[in-house]
Amino acid sequence: MSNDTLVAISPSRNKGIALVLTGAALWGVSGTAAQYLFQQQGFSPEWLTVVRLLLSGIILLGVAYKNERLKVFEIWKTKKDALQIILFAILGMLAVQYTYFAAIEHGNAATATVLQYLAPALITCYLAIHSRRFPSITLSVAVIIAILGTFLLVTGGSIRTLSISGWAVFWGITSAFALAFYTLQPSKLLFRWGSMIVVGWGMLIGGICLSMIHPPWAFEGNWTIPSFSAVLFIIIFGTIIAFYFYLESTKFISASEVSLLASVEPLSATLISVFWLNVTFGFAEWLGTLCIISTITILSIVKNK
């Protein structure tokens with residue numbers, strides 16, 4: 001590969017890295033905000049999930065319609081694309097949000113995150129089986145470092161802090177599978193229709209499906225200025241912007257790299273917990289931070305073959 005080709009690829013690759021890092025960081029902060037709502041304000045994960053999906057879906061599709069008009073609805077003209085967007089909405093968008101929130105409710109944001117970040121290993125194993133070859137040494141090392149860093153960051157290096165309920169374990173592991181599906185499944189849809197249309201329909205359909213089980217007017221919790229601000233942040237920054245950036249990044253870098261770079265999520269969740277919830281940040285947490293930064297550095301300098 002010539003130097004000219006590398007120069008041409010670099011800006012797009014850097015854009016992909018920046019998108020996934022920003023999206024994952026916002027995701028992490030919103031997870032901490034969700035824990036605040038569940039544990040201190042009495043909100044339910046069902047209500048928060050259905051409201052964020054419905055509102056975010058409507059806003060994204062509204063923006064997409066303003067920019068692209070009737071193209072927003074053309075995705076339903078092809079039977080295959082229509083089926084794929086429904087699968088993405090239910091098994092990807094709805095599943096990854098609800099299972100993560102449910103894991104937080106039954107445990108906490110830290111244990112929910114460490115279980116969810118089994119997803120990079122799941123994705124790497126799937127891609128290795130699908131391509132019938134072992135992942136590269138670099139990618140394998142990055143997976144190990146990312147998982148190790150996540151573990152240290154959210155547990156402080158003590159396995160005893162993962163003594164959580166069976167439901168927390170169930171929802172956390174389910175969240176990992178949902179995140180893997182969410183990352184891999186919509187790749188063709190994204191290239192044909194763009195992130196805004198795909199994410200918008202995914203959120204709206206997911207929200208409508210959940211509304212049949214838990215309608216948005218079935219509210220539980222306490223409305224205060226802090227809780228209203230947390231809900232607003234989760235919808236705008238932790239949902240619309242974060243999910244859009246995350247999926248948009250898959251256009252520029254591989255699914256394995258996206259899932260690994262997204263390990264910055266527990267870093268942002270932990271940092272905001274330190275400054276907001278006064279969580280102690282010791283040696284193990286800083287070591288975990290170093291591991292995650294190392295993963296980001298490795299994937300930033302390694303070029304795709």
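The exercises below, each with a worked solution, deal with helices and single residues in a predicted model.

**Exercise 1.** Describe how the axes of helix H4 and helix H8 are placed relative to each other, and decide whether the two helices are roughly parallel or roughly antiparallel.

*Solution.* Two packed helices are described by the angle between their axes and the distance between the axes. The axes of H4, residues 79–106, and H8, residues 166–184, come within 8 Å, and they cross at roughly 150°. Because angles over 145 degrees count as roughly antiparallel, H4 is roughly antiparallel to H8. The crossing in which H4 passes H8 is left-handed. Turning to the residues of the contact of H4 with H8, one finds 17 nonpolar and six polar residues, with no charged ones.

**Exercise 2.** Compare the span of helix H8 with the expected value, and state which of its residues are buried.

*Solution.* Helix H8 has 19 residues, and from its first C-alpha to its last it reaches 28 Å. At 1.5 Å a residue the expected value is 27 Å, and the span of H8 is close to that. The buried residues in H8 are Ala168, Trp171, Gly172, Ser175, Ala176, Ala178, Leu179, Ala180, Tyr182 and Thr183.

**Exercise 3.** Decide whether Gln97 is buried or exposed, and list what Gln97 touches beyond four places away in sequence.

*Solution.* Gln97 is found in helix H4. Its relative accessibility is 1%, and since buried means under 20%, Gln97 counts as buried. When residues up to four places away in sequence are not counted, Gln97 touches Thr49, Arg52, Leu53, Met203, Thr239 and Phe243.

**Exercise 4.** Work out whether Leu152 is buried or exposed, and find the separation of the C-alpha atoms of Leu152 and Cys291.

*Solution.* Leu152 lies in helix H7, which covers residues 137–155. With a relative accessibility of 11%, Leu152 counts as buried, because this value meets the cut-off of under 20%. Although Leu152 and Cys291 are 139 residues apart along the chain, their C-alpha atoms are separated by 8.9 Å. Leaving aside neighbours within four places in sequence, Leu152 is in contact with Gly157, Ala284, Glu285, Leu287 and Gly288.

**Exercise 5.** Locate Arg69, give its phi, and classify its exposure.

*Solution.* Arg69 lies in the loop between helix H2 (45–68) and helix H3 (71–74). Phi of Arg69 is near 55°, which is a positive value in a residue other than glycine. The relative accessibility of Arg69 is 48%, and because partly exposed covers values between 20% and 50%, Arg69 counts as partly exposed.

Notes
Residues numbered from 1 in each chain as written. Predicted model: local features only at pLDDT ≥ 70, side-chain atom pairs only at ≥ 80, totals over all residues. Heavy atoms only, no water. Axes fitted to C-alpha atoms, helices over the stretch in contact; angles between N-to-C directions. Helix = DSSP H or I, 4+ residues; strand = E, 2+ residues; numbered from the N terminus. Parallel < 35°, antiparallel > 145°, perpendicular 65-115°, else oblique. Left-handed = near helix turned anticlockwise from the far one by under 90°. Nonpolar A, V, L, I, M, F, W, Y, C, P; charged D, E, K, R; others polar. Buried < 20%, exposed > 50% of the residue type's maximum accessible area, 1.4 Å probe, protein only. Contact = heavy atoms within 4.5 Å. Expected span 1.5 Å × (residues − 1).
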